[in-house]
Amino acid sequence: ELIPLILCTACLHPEPKERDQLLHILFNLIKRPDDEQRQMILTGCVAFARHVGPTRVEAELLPQCWEQINHKYPERRLLVAESCGALAPYLPKEIRSSLVLSMLQQMLMEDKADLVREAVIKSLGIIMGYIDDPDKYQQGFELLLSALGDPSERVVNATHQVFLPAYAAWTTELGNLQSHLIPTLLNKIEKLLREGEHGLDEHKLHMYLSALQSLIPSLFALVLQNAPFSSKAKLHGEVPQIEVTRFPRPMSPLQDVSTIIGSREQLAVLLQLYDYQLEHEGTTGWESLLWVVNQLLPQLIEIVGKINVTSTACVHEFSRFFWRLCRTFGKIFTNTKVKPQFQEILRLSEENIDSSAGNGVLTKATVPIYATGVLTCYIQEEDRKLLIGFLEDVMTLLSLSHAPLDSLKASFVELGANPAYHELLLTVLWYGVVHTSALVRCTAARMFELTLRGMSEALVDKRVAPALVTLSSDPEFSVRIATIPAFGTIMETVIQRELLERVKMQLASFLEDPQYQDQYSLHTEIIKTFGRVGPNAEPRFRDEFVIPHLHKLALVNNLQIVDSKRLDIATHLFEAYSALSCCCILALVICLRIDMEHLSPEHEVILTSMIKECEQKVENKTVQEPQGSMSIAASLVSEDTKTKFLNKMGQLTTSGAMLANVFQRKK
């Protein structure tokens, strides 16, 4: 009841001093105003501003805001931040782009409260809608970068939802979207990649790339509004419907292309003309679109070739970016303008196998980003065939040229995260399984391991296991070895008893068949796999299969004549033991001491004390049946022993250069 009374009196009172006191009361009416109370005060301020005009708002209301900019209560500072936006339309324009902008800038840089900075961002968005002084464009850009780099997620989200779209609209109005804003962000990404040879700042990369992604709708709107047909886009008669899935879901209503264009109907008319133009009339004279085709895309594709293919986060971010770009610009554009540029660079042909220059690009991030960001945009049958064919070609060419497989792995990891692509990936791998070259079959065997996580047991049973069994009896020995990690991963991820038994039989044949007796590389692969999957495998399988077989391998290793091989196997065994939850595997440690006594005497002392500790533990505990799923080994060990065991391991790692990295747990 008080607010209207205070405001009416403040509007009409002849004495400036009294008016000042009344407005002071208004801003200090409530000690810590909540959302609803602040909304009432702001509504009152707006009513006052409408009534008295810009000059008095500047002279009488703004000083009240200014006074509270550093108030001790965040609610009062929130009131200041919100009033800057609410009063923006009623202030003289030069004040809007000077004093108010400065107040908001100060609060964005200095205020400790996330909620206050979030309110500042929303008010900046409103200010951007009213500002018309081109000299303030650069200051706006700097504010945008500060906001995008804010430590608070709330502030960053508000930037993408409100401030960035508003700033983009003003940028478009000034003609700076294609000449400054997008190129500057791209240049910042290029600079990061140049400087990041020893370690890329992935947080900053995410910041710039997410900003570019939020600008895609504004860029597409600009292309439509500056098209040769824009003058013909009149609303009359039946308006075509826009398909629900035509655009990616916008991050906020302000990033919706129809909001930027003006209405859904207007957008529908423009889209119809856009598709027709691209299909039948071409792009001659269409400057805004030619900029995307001739400048933006080549620069983006060049950037993609420079990012680290083993960084899952980077590959994922760029993949999503290209997906959004292609989905926004549409199917015809993707097929006629985007795909040809990638294909030109990725020239896939058997002749390229020996020429390292033509092939280098296949090992880069260009491969996974084209596969997962461009080829997955549309999922009709011909699109799926293109994706399958591309992955098959990459797998073949990388294998035949003995190149690193990181780009193929990155494609599989990114696609495998979505169960909708599991069948497709298995189709690609089956092509590898039946390939005439052992090199390709070997790659296929290695790739199975990556596809297994998150895959349904039905698919593992019907498609993966039969393929691995086929490969495990391959004429080429290297192909058989390459299946071991995948068999291990099945043991770790599957619970179906029958399937586990089949895998166990296969691993047992590798371990027990006389033809594999002296196969050093096979033993190494099995030990590494046991160390990786043992901790997560079923306890019974671990106790009755993994541990006894590790023991046998350790005994065999005692008889190895070649010292380098013997030490290598001993090292891998050590890694496996440390991974197996540091269970007290007494027999294994004893075997290992024999090797170390022979090869590395300085470690033998530590192993001896480990054995003593294990023996004491066994004497002190009566061996009980495992309860529930707890293994016999684990039931013999207390936390105390585990800690001591690990400490001993620590001494080992520091006391001998040869085993320096033995105990780093595998990621």
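Let's start at Glu58, which sits in helix H4, the stretch covering residues 54–67. Keep in mind that this is a predicted model. Is Glu58 buried or exposed? Neither label quite fits: Glu58 is partly exposed, because its relative accessible area is 31%, and buried would mean under 20% while exposed would mean over 50%. As for what Glu58 touches, set aside its neighbours within four places in sequence and you find contacts with Pro63, Leu91, Pro92 and Ile95. Arg96 is another residue to look for here: 38 residues separate Glu58 and Arg96 along the chain, and their C-alpha atoms are 9.6 Å apart.

Now jump along the chain to helix H21, residues 422–433. This helix has 12 residues and runs 16 Å from its first C-alpha to its last, close to the 16 Å expected at 1.5 Å a residue. Which of its residues are buried? They are His422, Leu424, Leu425, Leu426, Val428, Leu429, Gly432 and Val433. The buried residues of H21 have several packing partners: helix H19 (381–400), helix H20 (406–416), H22 and H23.

Zoom in on one of those buried residues, Gly432 in H21. Gly432 counts as buried because its relative accessible area is 0%, and the cut-off for buried is under 20%. Leaving out neighbours within four places in sequence, Gly432 is in contact with Met395, Val440, Arg441 and Ala444. Thr396 makes a useful landmark too: Gly432 and Thr396 are 36 residues apart in sequence, with a C-alpha to C-alpha distance of 7.8 Å.

Arg441 takes us on to helix H22, since it also turns up in the contact between H22 and H23. A quick word on how to read such a pair: two packed helices are described by the angle between their axes and the distance between the axes. Here, H22 (residues 438–452) and H23 (residues 457–472) pack at an angle of about 150 degrees, and their axes are 11 Å apart. Angles over 145 degrees count as roughly antiparallel, so that is how H22 and H23 lie relative to each other. Their crossing is left-handed.

Which residues make the contact? From H22 come Arg441, Ala445, Phe448 and Leu452, and these meet Val460, Val464, Ala467, Leu468 and Leu471 from H23. Sorted by type, the residues of this contact are 8 nonpolar, no polar and 1 charged. If you're wondering about the spacing of residues along a helix, an α-helix has 3.6 residues a turn, so residues three or four places apart point the same way.

Methods:
Residues numbered from 1 in each chain as written. Predicted model: local features only at pLDDT ≥ 70, side-chain atom pairs only at ≥ 80, totals over all residues. Heavy atoms only, no water. Axes fitted to C-alpha atoms, helices over the stretch in contact; angles between N-to-C directions. Helix = DSSP H or I, 4+ residues; strand = E, 2+ residues; numbered from the N terminus. Parallel < 35°, antiparallel > 145°, perpendicular 65-115°, else oblique. Left-handed = near helix turned anticlockwise from the far one by under 90°. Contact = heavy atoms within 4.5 Å. Nonpolar A, V, L, I, M, F, W, Y, C, P; charged D, E, K, R; others polar. Expected span 1.5 Å × (residues − 1). Buried < 20%, exposed > 50% of the residue type's maximum accessible area, 1.4 Å probe, protein only.
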